[in-house]
Amino acid sequence: MGIGVTCQLLGRVVMLPGEGLVNAIATHWKLDFGKIKVIFDWSLVAIAGGLSLYYFGTIEGIREGTLVSAFATGLLVKFFMNMLLKFRVKRFGQLRQQYKMEKLKSKGNKV
C-alpha cells in the first residue's frame, strides 16, 4: 500500500479521498506527507473504535492488521519517497548530462 501511495504522489495522478485529503493538508501547510498520513490514519481508527464501542459495546472490525496498516503506511510512504526521489534526481541528472553532450557533439559536427 505504501508503494501504491508513493506512486500516486510521484505520478501526480488522481488520488483516493483519504490520500487526497492528506496530500491537501500536507501541501497547504507544507508538512511531511508521511507524518500527516500516520496521524490521519490513527485518527480514523480511533473514530471507528469509538463508534464501535458506542453502538456495539465492544470494538468490532479493528484488529492487528488495521493498527499495523495505520502506522506503517505513512512510514513506508516516507521511506519510498526518499528512495525514489534520490534515484530520480540521480537518473535525471545523468540524462541531462547525456543530452548536453549529444547537443555539443551535434553542434560540433555541423560547424
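Is Arg-12 buried or exposed? With a relative accessibility of 76%, Arg-12 counts as exposed, because the cut-off for that label is over 50%. Keep in mind as you look around that this is a predicted model.

## The overall layout

Let's start with the whole chain. The protein chain has 4 helices and 0 strands, so its pattern, read along the sequence, is simply α-α-α-α. There are 111 residues in the protein chain, and buried ones make up 22% of them.

The surface can be put into numbers too. About 8,600 Å² of the protein chain is accessible, and carbon and sulfur atoms account for 67% of that area. As for how the chain meets itself, take the contacts between residues at least 6 apart in sequence: 56% of these join residues at least 24 apart.

## Helix H1 and its buried face

Helix H1 covers residues 2-11. Which of its residues are buried? They are Gly-2, Val-5, Thr-6, Gln-8 and Leu-9. Looking down the axis of H1, you'd find these buried residues within an arc of 160 degrees, so they line one face of the helix. A bit of background helps here: an α-helix has 3.6 residues a turn, so residues three or four places apart point the same way.

Two residues of H1 are worth a stop. Thr-6 has a relative accessibility of 1%, so it counts as buried. Leaving out residues up to four places away in sequence, Thr-6 touches Leu-76, Val-77, Phe-80, Met-81 and Leu-84. Gln-8 also sits in helix H1, and its relative accessibility is 18%; that is under 20%, which means Gln-8 counts as buried. With residues up to four places away in sequence again left out, Gln-8 touches Val-13, Val-14, Met-15, Leu-16 and Glu-19.

## Two loop residues with positive phi

Now back to Arg-12. This residue is in the loop between H1 and H2, just after H1. Its phi is near 50 degrees, which is a positive value in a residue other than glycine.

Lys-30 is another one to look at. You'll find Lys-30 in the loop between H2 and H3, with a phi near 55 degrees, again a positive value in a residue other than glycine. Is Lys-30 buried or exposed? At 73% relative accessibility, Lys-30 counts as exposed.

## Two stops along helix H4

Helix H4 spans residues 64-110, and Val-77 lies in it. The relative accessible area of Val-77 is 1%, so this residue is buried. What does Val-77 touch, leaving aside its neighbours within four places in sequence? Its contacts are Gly-2, Val-5, Thr-6, Leu-9 and Phe-33. Of these, Gly-2, Val-5, Thr-6 and Leu-9 are among the buried residues of H1. There's also a C-alpha distance to check: Val-77 and Lys-37 are 40 residues apart along the chain, and their C-alpha atoms are separated by 8.8 Å.

Leu-67 lies in helix H4 as well. Its relative accessible area is 35%, between the 20% and 50% cut-offs, so Leu-67 is partly exposed. Setting aside residues up to four places away in sequence, Leu-67 touches Trp-42, Val-45 and Ile-62. The C-alpha atoms of Leu-67 and Val-45 are separated by 7.6 Å, and the two residues are 22 apart along the chain.

## The largest pocket

Finally, have a look at the largest pocket, which holds about 210 Å³ of space. Its lining takes in 14 residues, and those nearest the centre are Asn-23, Ala-26, Leu-31, Phe-33 and Met-81. Two or more lining residues come from each of helix H2 (17-28), helix H3 (33-56) and helix H4 (64-110).

Which element gives the most to this lining? That's H4, with 5 residues. Sorted by class, the lining of the largest pocket has 7 nonpolar, 4 polar and 3 charged residues. Some names here will be familiar: Met-81, one of the residues nearest the pocket centre, is also touched by Thr-6, and Phe-33, another of those nearest the centre, is in contact with Val-77.

Note on methods. Residues are numbered from 1 along each chain as its sequence is written. This is a predicted model: local features need pLDDT of at least 70, side-chain atom pairs count only at pLDDT 80 or more; totals for chains, interfaces and linings use all residues. Side-chain values use heavy atoms; hydrogens and water are left out. Buried means under 20% relative accessible area, exposed over 50%, partly exposed in between (1.4 Å probe, protein chains only). Contact means heavy atoms within 4.5 Å. On a 1 Å grid over the protein atoms alone, a cavity is a set of points where a 1.4 Å probe fits but cannot get out, and a pocket is an open set with protein on both sides within 12 Å along at least five of seven lines; lining residues have an atom within 4 Å of a point. Grid points are joined across faces, edges and corners, and a volume is the space filled by probe spheres set on the points. Ala, Val, Leu, Ile, Met, Phe, Trp, Tyr, Cys and Pro count as nonpolar, Asp, Glu, Lys and Arg as charged, and the others, Gly among them, as polar. The arc is that of the directions from the helix axis to the C-beta atoms. Accessible areas come from the Shrake-Rupley method with a 1.4 Å probe; for residues, only the protein chains shown count as cover.
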